[in-house]
Each structure stands twice: as C-alpha cells, then as structure tokens.
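Please find below my remarks on the model, set out as numbered points. They concern helices first and strand pairing afterwards.

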Amino acid sequence: MLLEDMLNHQTKIPTEWHTSIRKVGQKFDSAAEVRLALQYYSIAKRFEYDFYHNEQRHIRVYCRFKHTHGCPWMLFASPLRNLSIMSIKNFESTHTCGQHGENAGNLRASRKFIASQIQAVLKVRSDLRAVDIKNDMLSNFSIKINYSKAYESMVHATNTGSRVVIDADDRRFRRLFISYNAYIEGFIARCRPLLFLDGTFIKDRYRGILLSATGENPYQPPHRLIVISDADKGIRATIEEFFPDAFHSRCVLHLVENFKKNMKDFGHKTNVATTLDELLQSAAYKFTISE
Ligand SMILES: [Zn+2]
C-alpha cells in the first residue's frame, strides 16, 4: 500500500486481499498465515466469519450467517501430511447470505491488523487522532471500528507490545490503563522493583481521578519491592496486606507539602517556612548524612 495513497484517502483494497484465499490445495507456512489471509480476504469480500476450530493443526471457519441464514461459505485447513505447512482441504466460496452479509462490520479486523495498516502513516503524521483512524478504516477498507479500538491500534502501531485497556460502559468512558512497551521492557530488564503510586484530581471537563503506578530506577540486587507513595492510610494498609515484604517509603513532594502545612499551622512566618521547606527538600536529595 502506498503511503501517499493512504494520506490522500484514495486507497482501495489491494487486489491481493481478494485472492489471499483461492482454492483447495493452497498452502500456507503456518496456521497464523491462514488466519491472516482470512482476515484480508474477509475485509476485501466484506463478510464476517466465525471459527469452529482455531488450532495450530486445525482451522475450520464458517460464514457468520451459516446458522441463521444457511449460508454455505466455509473453509477447512489442516497440515499437509506430516509437515507443519497448512493446506486448504475444503473451501466453499459462495455466500447466499446476501444483504445480511453485505454490510458486515468486519469485526474480525484485530487491533494488530489495524495497527499494521496505520503504522507507516503514523510515522509521518503524529497529529493523527483516533477519530481519523476510525474514519480512514471506514473509507479505505469499509471496516467499522469504535473509538477505543482505533486508539488501542494507534498505541500498538507506534509502540508494539504495549498494553492498553479502555473500560467503557454504554459507550461512556470509565477508566483507562496504558503501559508502553518501552516501559514494560525497561522495567523487566533494568529496574529493581520500585513502584510509585499516586493519584491526582483531574480538573478539566472530564473530571475524575487519575491514578498512576510507575516503575523506575537502575537494577541493584537484592530484589525487594520498594513502594513510594504519599503514605495515605488506605495505601499503607493495602501495601501491608498485599506486599508485606515491601519497603514503603514516602514521596518527598508529599512530605514537603505536609511540612509546609504544619509550619503554617504552627504560626511560622512565610519566609521562615519557605526556607525550612527548601532545606528539607534539599536534605532529601542528599546521599550521605554529612552532606
Ligand atoms: Zn455468507
């Protein structure tokens, strides 16, 4: 697919998608290749399918309207003799589901699939929004996806291996979790288990509370989980319950905030309180007692 075409919104479905599934005897390197070919084919031909068997050595797929409208479209693939190569053993290419299948929403287009389609575009167009991806998928491939799927696909396209979970009820946003792959890999490879917990009130039109858990710091044995938080009562109790061996330390910023508040309550003058705050903050960043 040409990048310019996609940017100009002129991309039509590539011809080879229509022929990714052809006939009985057609061979594929693996079951994953069969699944991918099915995805291209169903998007080109605009129908949806369900797996009856979806295993390494056994793939059997029917048109989604087999049971409700008796559509005969089906495909069966299994390995060639004792090899790992998969071959189509049975294929019925006719649909009789007609209008029922015609406007199928291509629910089979996975995040991974969408991510692979938008990867090149996102490299040069970092301003693209999830809603643009959603519209592009519809105009280019007649694939209907929702906003969350478009967003998740963007994260997958730009940060393969990332985890995104969007929790929504009745199309109403509830909560969001994002962990970029670079963080996951970095945390596993180089960090000692160090966990920052925090929460902040969101003041713009979305409101709510943004909870964050961040892992950081160079690796240094022994492995002992270190939690850093504002030591709120609830967090303290939870950590004692779930991570009894963890070392729970207090976040400097929160400590200084509390200190400031106490200084005021004790009736210290503002300039004195500010100097003491600064001394406390600077002491917290020293590595030795004499410093
Ligand atoms: Zn059908």
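1. In this predicted model, the buried residues of helix α8 pack against three elements: α6 (111–124), α7 (130–141) and β6 (163–169). The residues concerned are K149, A150, Y151, E152, S153, M154, H156 and A157. The list includes K149, E152 and H156 as well as A150 and A157.

2. The length of α8 can be checked against its residue count. The helix covers residues 147–158, twelve in number, and at 1.5 Å a residue it should span 16 Å; the C-alpha atoms at its ends are 17 Å apart, so the two values agree.

3. Helix α11, comprising residues 252–265, gives a similar check. Its 14 residues reach 20 Å from the first C-alpha to the last, close to the 20 Å expected at 1.5 Å a residue. After α11 comes G267, which has a positive phi near 85°.

4. Which strands does β5 (residues 86–92) pair with? Strand β1, residues 27–28, is joined to β5 by two bridges in an antiparallel arrangement. Within this pairing, K27 has S87 of β5 as its bridge partner. Strand β4, residues 74–79, also runs antiparallel to β5 and is joined to it by six bridges. Here M74 is partnered by E92 of β5.

5. The connection between β4 and β5 deserves a separate remark. The two strands form a hairpin, with six residues lying between them. In the turn, R81 adopts a positive phi of about 45°.

Terms used. Residues are numbered from 1 along each chain as its sequence is written. This is a predicted model: local features need pLDDT of at least 70, side-chain atom pairs count only at pLDDT 80 or more; totals for chains, interfaces and linings use all residues. Helices (H or I, at least four residues) and strands (E, at least two) are DSSP runs, numbered from the N terminus. The expected span of a helix is 1.5 Å times one less than its number of residues. A residue is buried if 20 or more other C-beta atoms lie within 10 Å of its own, exposed if 12 or fewer, and partly exposed in between; C-beta atoms are placed from the backbone. Two residues are in contact if their C-beta atoms, placed from the backbone, lie within 7 Å. Two strands pair if DSSP finds at least two bridges between them.
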